[in-house]
Every structure is written in C-alpha cells, then in structure tokens.
Amino acid sequence: MAPAAVDDWRPGADRATLIWRAQLLAALRRFMAERSRVEVDTPVISSAAPAERALDCLTVVDGGYLVPSPEHALKRLLAAGHGSLYQLGHVFRAGEIGRWHNPEFTMLEWYREHADLAAMLVETDELLQAVGVPTASAPQRYREAFGKITGLDPLIATLEELAAYATTTGIAPVNHADDEHNRMFWLDLIMSLAVQPTLGLEAPVMITHFPIDDAVLIASDPDDERLGLRFECYWQGVELANGAVELRDAQVAEQRMQREFAIKQLRGVQPPPIDTRLLSALAAGLPPCAGVALGVDRLLALLVGASNLDQVLPFAWPRR
Amino acid sequence: MAQFNTNQFKGGLKIILDGDPYAIVENEFVKPGKGQAFSRVKIRNLKTNRTIERTFKSGDSVEAADVLDVDLQFLYADGEFWHFMEPNSFEQYQASEAAVGDAAKWLKPQDNCRVTLWDGTPLQIDPPNFVTLTVTETDPGLRGNTSGGGTKPATLETGAVVQVPLFIEEGEVLKVDTRKSEYVSRANEG
C-alpha cells in the first residue's frame with residue numbers, strides 16, 4: 001500500500017471514486033436534511049479529550065487535542081437545547097494506520113432525541129440503503145453472534161476458556177502476560193479476529209448489546225446490567241458504524257471517566273484531562289437521545305469494492 | 001538488542017520469534033472502534049521458508065533479526081556444506097543444505113550469489129538470475145532445425161534439467177534463467 005516515494009504526490013483515489021465520494025457526502029446530508037437534523041461544525045481542536053481507554057488523540061503543539069469524534073461537542077449542543085443534529089467531517093485517532101484505518105478520517109455522527117436502540121437500528125439501515133447498501137439482515141445480540149462462532153458465552157465464559165479458545169485457533173497474541181486477567185482484552189481479540197471477519201458478508205448486520213465493562217458514555221441495559229445499549233454495524237467483515245443509547249447520568253459518567261483515566265495512567269502515559277464541560281452539560285441535563293457514528297471512508301470503500309482506504313481517499317496518511 | 005515496535009511493522013522487516021528469524025510478509029492492523037488494537041502478521045521463517053500467522057498486541061516490541069543480504073562467490077561443495085567467499089575480504093562462509101535449497105542445482109564455482117546472512121550464518125542462497133552452464137547430456141541434436149518448434153530435456157553440468165530447443169547438442173554452453181528454470185539462448189548468442 002505504501003506508494004513509491006517519487007510518485008507519492010499523486011492521489012490514491014481515482015477520479016470516478018472521488019466523484020462517488022462527493023455524491024455520497026451529498027446523499028448523507030440529504031438524508032439528514034429530510035429528517036430535519038441540523039448540520040453543525042464543532043471545533044476539530046478541543047481542550048479536553050474522551051477518556052476511553054482505547055482512544056488515543058493526536059495532540060496539538062499549541063495546546064489541545066484533535067477530536068477522535070465530535071461526540072462531546074454534539075452532546076453539549078443537545079444539552080443546550082439544540083435538538084437532533086449531526087456533524088460530517090474529519091476526526092483523528094493516533095496510531096491507527098492500516099488497510100481499514102487512517103489516523104485522519106471522515107465520520108458522520110448524528111444524534112436523535114427520544115430515540116431508543118431499535119429506532120437507531122432502523123434508521124442506520126435506512127441511511128445505508130439510501131446510499132446503495134443492501135438491506136441489513138436481522139440484528140443479532142453480541143452474545144449470540146459470539147456464541148455462534150466460538151461456542152462460548154462471552155458473558156459467563158471463564159478467562160481460561162477464552163484464552164484456550166484463542167490459543168487453539170492460533171489468534172492468541174505472542175505476548176499476553178499483562179492481560180491474562182483482562183476479560184475485555186480476550187473478548188476484543190476473539191471478536192476482532194474470529195467473529196468479525198464472518199459478519200455481514202452479504203448484507204450488513206447489526207450486532208447489539210455489547211458488554212458494558214469498557215463503556216463510558218453509553219446507557220446500560222435496564223434488563224441486564226452487564227450489557228450496554230450499544231450496537232455495531234458490520235458489512236463485509238468490516239466495522240462500519242457504532243451506535244448507542246446515550247448515558248445521561250453525570251455522576252456515572254464521571255466515575256467511568258475516572259476509571260478510564262486510571263487505566264491509561266497505569267500504561268505510563270499522562271492521559272488528557274477529563275472533559276469537565278461535558279460533565280457540566282450532563283449535569284445540566286442531556287435530553288434522552290441515541291447516536292450513531294459512521295466511518296464514511298470505509299463505507300465508500302465497501303461500496304466501490306476497494307480493498308483499502310488508500311483507494312478512496314485523495315491522500316491517505318502515507319501521502320499526506 | 002534492537003527492537004521493533006508493532007507500529008514499525010511492514011513487509012520485509014526481519015524479526016526474531018521463538019529463536020528463529022522471520023521476515024514479515026504482511027501486517028494487518030486490527031482494532032475495534034472501542035477496543036484493544038492488534039497486529040495480525042503473516043511471517044515467513046527464514047530457515048524453513050514456512051509462512052505462519054501470529055498476533056501481536058499493538059504497542060508490543062519484538063527483537064530485530066540481524067539479517068543482511070551480501071554478494072558472495074560460490075567456491076565448492078564438500079558433500080555436507082556449500083562454501084562461499086566474500087570477494088573483497090576473502091572471508092569464507094559455509095551454508096547448510098537447508099540454506100542452499102533449490103539453489104544447489106544452479107551453483108557453479110566462481111558464480112556470485114545473493115546470500116542472506118543471519119548473525120553471520122547463511123540462511124538463504126539466491127543464485128544469479130542468469131547462469132551459463134554446459135550441457136552434459138541430451139538427445140542428439142536435429143541438424144538444420146534452428147527455428148524452435150519442439151523442445152527436449154537437457155542435463156546441465158550442475159545437474160539441473162531444463163527444456164531446450166531440439167538443435168542444442170551436448171557440450172554446448174547455454175544461458176539459463178534460474179528464476180523460471182528456462183533456457184534463454186546459447187551463451188555466445190546471449
């Protein structure tokens with residue numbers, strides 16, 4: 001994928017793909033406009049960053065962080081009474097480089113007031129259909145999808161059972177001594193390398209009700225406290241969108257942020273400060289709402305049949 | 001010891017795993033939007049040439065293999081080892097049968113080979129792309145037939161067998177492409 005140095009001034013995407021890209025962006029905006037969602041463009045540079053353990057932000061030399069998603073800003077607008085809205089723009093994630101990852105990528109993130117998980121599954125399916133994706137197959141719960149491939153129940157399997165599955169299928173990491181007791185580590189590993197590649201091979205599939213353990217701003221399932229009201233949409237084995245019913249309790253949010261902050265500190269890095277403005281917004285009152293974040297470059301790549309993001313971006317990371 | 005972090009992984013990088021040297025063939029970055037990142041790599045064992053897949057946790061480090069490619073002159077084979085020499089320093093290296101592998105059937109004394117060394121030991125021998133070798137055995141040539149149309153096997157001085165045009169005779173010197181095991185021309189026409 002790395003272009004020859006002498007030729008790397010050229011774009012990775014051809015003209016037909018960039019025309020498709022422009023039409024896709026227009027179609028996404030049209031879909032939102034038809035539903036009276038207001039487009040906003042919040043700052044790309046923020047003074048604080050999300051606390052999530054698995055999100056590393058690029059820092060700005062003059063102070064601040066390039067946002068890994070517009071989530072915090074959009075929730076502040078929601079709390080201030082701006083109603084259902086969306087942002088379509090660039091977001092940034094440090095260290096995420098690969099066939100399906102570019103540290104700078106285009107995300108559509110939208111929030112809808114008074115929507116539940118079922119409503120967002122339907123709306124995500126409708127949005128994808130509107131841009132040419134086949135109708136999604138029936139949603140599956142994380143527990144079922146995981147169990148179908150591995151024969152294990154991800155909620156009750158022991159650490160030993162998870163590790164044994166990873167070892168016998170040849171996906172266990174070379175070094176994992178630090179993570180022997182980290183349940184989410186094994187679940188992420190098995191989900192990413194064994195389950196995900198089998199998901200949505202023809203039509204997209206929504207996987208719902210993920211374990212709550214590493215969630216920060218996601219509402220937990222009132223019927224089962226071990227689960228979060230979250231879904232992921234997979235198509236052709238690629239993660240395309242992530243949605244959730246949003247957490248509204250400022251105290252729970254702060255506890256979870258502190259937990260994530262401590263996890264990052266244990267790794268020996270100084271985490272970005274916790275976003276106190278978001279906590280203030282939650283304390284003031286976030287209306288009941290649900291949101292979805294969609295990776296637009298991946299969506300385009302899957303639509304045009306590209307095998308990596310370099311083929312659908314004008315200038316992917318190695319050509320920046 | 002030099003180390004490579006997973007964020008430096010790319011095709012061609014040489015690493016040590018379980019005591020053996022490997023070359024990275026392909027590296028795939030895998031990360032759920034809300035979870036742990038991994039590198040799933042295809043790696044080729046430089047001793048056995050076997051390709052396997054392994055997972056690394058993102059951010060982990062792995063020992064770099066001190067592997068380099070040098071041009072060495074083939075001297076002779078003693079039945080157990082193949083002996084090579086660095087033409088400037090005259091330093092000699094001996095390669096095992098496993099390292100020489102298929103290259104053995106092309107090696108003629110004085111020919112230069114690309115040799116992959118790991119900690120000073122030959123791991124892999126690549127014969128020159130083109131070699132000139134004498135035909136030691138082939139069916140009698142068909143006189144007058146100089147325009148192709150049919151081939152026959154010919155055994156070369158190193159033991160390799162290639163398909164040659166019908167007009168080639170024993171004792172002739174041929175230019176051969178070792179990558180395709182193919183006759184190119186008579187050496188004096190090359």
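How many residues of chain A are in contact with how many residues of chain B? In this predicted model, 29 residues of chain A touch 19 residues of chain B.

**The interface**

Chain A and chain B bury about 2,000 Å² between them. Of that area, 54% lies on carbon and sulfur atoms. Size is often expressed this way, as accessible area lost when the parts come together.

Polar links also cross the interface. The rule finds two salt bridges between chain A and chain B. In one salt bridge, the side chain of A:Arg99 meets that of B:Glu28, with N to O at 3.4 Å. A salt bridge is counted up to a cut-off of 4 Å, so the 3.4 Å of A:Arg99 and B:Glu28 qualifies. Nine residue pairs are in polar contact across the interface, with both residues at pLDDT 80 or more.

Which elements give two or more residues to the side of chain A that touches chain B? They are helix 6 (183-195) and strand 11 (238-245) of chain A. Helix 6 of chain A gives the most, with five residues. By residue class, the side of chain A that touches chain B divides into 12 nonpolar, seven polar and 10 charged.

**The sheet of chain B**

Chain B holds an open sheet of four strands in the order 2-3-4-5, with antiparallel pairing. Strand 2 (14-17) and strand 5 (51-57) of chain B each have a single partner strand, so one side of each lacks a neighbour in the sheet. On average, neighbouring strands of this sheet are turned by 45° against each other, direction ignored.

Strand 4 (residues 38-45) and strand 5 of chain B run antiparallel and are joined by seven bridges. Two of the facing pairs are tabulated here.

| Residue in strand 4 of chain B | Facing residue in strand 5 of chain B |
|---|---|
| B:Lys42 | B:Glu53 |
| B:Ser39 | B:Phe56 |

What do strand 4 and strand 5 of chain B form, and how many residues lie between them? They form a hairpin with five residues between the strands. In the turn, B:Asn49 has a positive phi of about 70°.

**Helix against sheet**

Where does helix 6 of chain A pack? Helix 6 of chain A packs on the sheet, touching strand 3 (20-30), strand 4 and strand 5 of chain B. The direction of helix 6 makes about 65° with that of strand 4 of chain B. Strand 5, one of the strands touched, stands at an edge of the sheet.

How values were computed: Residues numbered from 1 in each chain as written. Chains lettered and ligands numbered in written order. Heavy atoms only, no water. Contact = heavy atoms within 4.5 Å. Buried area = accessible area lost by both parts, 1.4 Å probe. Polar contact = N/O pair within 3.5 Å; in protein donor to acceptor, adjacent residues only side chain to side chain. Nonpolar A, V, L, I, M, F, W, Y, C, P; charged D, E, K, R; others polar. Pairing = 2+ DSSP bridges. Axes fitted to C-alpha atoms, helices over the stretch in contact; angles between N-to-C directions.
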